[in-house]
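The following exercises are to be worked with the sequence and the coordinates at hand. Each task is followed by a solution in steps.

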Amino acid sequence: MSRTRAGFALTLAVLLAPSLSLAQFDTDHPGYFPIEELAILPEESINLEINLPAAMLRFIAVATDEEEPELSRITRNLESIRVRGADLTGASLDSIRSGFEGAARQLQEKGWTSMVRMREDNEEVNIFFKEEAGEMVGLTVLTIDGQEAMLINLVGKIDPADLAGLAEGLDLDLPRIETPDNDAEPNS
Amino acid sequence: MSRSPDSGSCGGVQSDLELYLDGALSTARTHQVETHLAGCSDCLAQMHLAREIQDELRGLPEVDTPAATIHAILEQTARREATSRRSTHAPDHWWRPAWIALAAAGLALVVGLSMWSRSAPPAADADTVAEATAEARFALEQVGLATHKAAMAVENEALRDGIITPTQRGLSRVITHEPEESSTTLREGVDHV
């Protein structure tokens with residue numbers, strides 16, 4: 001080995017160090033579900049991909065600590081967020097729904113629990129969670145909303161109380177759910 | 001140090017260690033190197049060290065190396081290369097400590113950069129974090145939206161089917177098995193609750 005080669009090896013090692021740690025996502029984590037491999041959404045229709053590994057989520061947690069404490073708290077406990085979204089214009093809704101059925105079977109075979117499965121005319125919501133040692137460690141959401149479909153996998157510790165807060169705390173314009181509590185105070 | 005007669009010299013084997021660890025040697029050469037390693041503790045130790053260094057490098061966190069740092073490293077490498085060309089013949093195993101020292105320096109540099117980038121992210125990283133924050137917010141909003149829709153659907157179904165009063169329904173079922181007179185009394189009582 002020449003001196004040049006040693007120097008070259010070092011340079012390469014330093015330059016390639018970022019790409020060597022390609023295992024950004026812990027695929028062995030119990031809350032991980034490979035939504036990318038489901039082949040539910042037609043490849044050409046996919047218009048959204050979000051891949052946030054743990055390191056980035058830590059940055060987000062720190063960056064939002066003061067202004068968005070809820071977002072900060074949730075992201076601090078997550079290991080990854082992955083989303084695939086597709087525009088279903090021209091696609092077969094039946095085929096997507098059939099894909100969701102298959103995914104639901106896969107999830108349940110892998111020990112995921114179905115939290116909610118709701119289907120209406122052109123809407124569908126499937127929420128599955130993975131539990132380990134009494135804690136929710138993963139959440140997989142499969143949705144159809146009109147002409148859009150979305151597959152989401154959150155990996156990491158998730159407080160069930162946060163699920164309700166996610167919609168309400170993040171400025172979404174949503175219809176109000178009537179509960180005995182807010183029935184008593186309709187303007188609250 | 002013992003040596004198999006057809007497995008090559010220590011120098012030759014150690015020159016090929018990197019390629020061996022990368023699985024880039026031919027099958028025949030791989031066999032030769034393995035035969036040599038099986039009988040040469042010195043080269044085996046070198047191989048373990050090289051593998052350890054590779055593993056350490058692979059285990060390092062992801063770092064965006066600043067362009068200035070890359071430039072500085074390339075410059076330094078070029079300078080060393082020039083010095084190497086001017087130097088006279090070096091001893092047989094001169095590169096071993098040099099290689100280890102260089103690798104150690106590389107490790108220190110990458111770890112240092114990692115710590116530096118975490119404590120003081122450069123401006124470009126701030127944009128990336130802002131973009132990632134928007135993505136995380138969007139993803140969590142979608143989960144919240146799905147949860148909300150599901151809750152609405154469950155609530156509507158519950159109202160439609162009357163399953164928000166399970167206690168009353170349960171009692172009614174039990175009451176039907178009670179004697180006729182008490183059943184009526186209780187059922188009225190339940191229905192008016």
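**Exercise 1. A lysine in a strand**

In which strand of chain A is Lys130(A) found, and which side chain of opposite charge is nearest to it?

Solution. The model is a predicted one.
Step 1. Lys130(A) belongs to strand S4 of chain A, which covers residues 123-132.
Step 2. Lys130(A) is buried, yet it has no salt bridge. A salt bridge would require a side-chain nitrogen of Lys or Arg within 4 Å of a carboxyl oxygen of Asp or Glu. The nearest side chain of opposite charge, that of Glu132(A), is 6.5 Å away.
Step 3. Setting aside residues up to four places away in sequence, the residues touched by Lys130(A) include Pro30(A), Gly31(A), Lys110(A), Trp112(A), Glu135(A) and Met136(A).

**Exercise 2. The sheet that holds S4(A)**

Determine the strand order of the sheet in chain A and identify the strands at its edges.

Solution. Step 1. The sheet is open, has six strands and follows the order S1-S2-S6-S5-S4-S3 in chain A, with antiparallel pairing.
Step 2. The edges are formed by strand S1 (46-52) and strand S3 (113-119) of chain A; each has a single partner strand, so one side of each lacks a neighbour in the sheet.
Step 3. From one strand to the next, the twist averages 5°.
Step 4. Individual pairings may then be listed. S1(A) and S2(A) are antiparallel and share six bridges, with Leu48(A) opposite Gly85(A) in S2(A). S2(A) is joined to S6(A) by nine bridges, again antiparallel, and Val83(A) stands opposite Ile152(A) in S6(A). S4(A) pairs with strand S5 (residues 135-145) of chain A over ten bridges in the antiparallel sense; here Phe128(A) has Thr140(A) in S5(A) as its bridge partner.

**Exercise 3. Helices against the sheet**

Which strands of chain A does helix H4 touch, and across which strands does helix H3 lie?

Solution. Step 1. Helix H4 (residues 93-109) of chain A packs on the sheet and touches S3, S4, S5 and S6 of chain A. The direction of H4(A) makes about 170° with that of S5(A).
Step 2. Helix H3 (residues 69-77) of chain A lies across strand S2 (78-87) and strand S6 (148-156) of chain A, and runs at about 105° to S2(A).
Step 3. Eight of the ten residues of S2(A) are buried, so this strand is largely enclosed by the rest of the structure.

**Exercise 4. Two residues outside the strands**

Are Leu41(A) and Thr133(B) buried or exposed?

Solution. Step 1. Leu41(A) lies in the loop between helix H1 (3-20) and S1 of chain A. Its relative accessibility is 8%, and Leu41(A) therefore counts as buried.
Step 2. Beyond its neighbours within four places in sequence, Leu41(A) contacts several residues, among them Arg84(A), Gly85(A), Ile96(A) and Leu151(A). The C-alpha atoms of Leu41(A) and Asp87(A) are separated by 8.9 Å, although these residues are 46 apart along the chain.
Step 3. Thr133(B) is part of helix H7 (residues 123-161) of chain B. With 7% relative accessibility, Thr133(B) is counted as buried.
Step 4. Thr133(B) touches Ile60(A), Thr64(A) and Leu71(A), residues up to four places away in sequence not being counted.

**Exercise 5. Chain A as a whole**

How many helices and strands does chain A have, and what percentage of its residues count as buried?

Solution. Step 1. Chain A has six helices and six strands.
Step 2. Of its 188 residues, 47% count as buried.

How values were computed:
Residues numbered from 1 in each chain as written. Chains lettered and ligands numbered in written order. Predicted model: local features only at pLDDT ≥ 70, side-chain atom pairs only at ≥ 80, totals over all residues. Heavy atoms only, no water. Helix = DSSP H or I, 4+ residues; strand = E, 2+ residues; numbered from the N terminus. Buried < 20%, exposed > 50% of the residue type's maximum accessible area, 1.4 Å probe, protein only. Lys, Arg positive; Asp, Glu negative; His and termini not counted. Contact = heavy atoms within 4.5 Å. Pairing = 2+ DSSP bridges. Axes fitted to C-alpha atoms, helices over the stretch in contact; angles between N-to-C directions.
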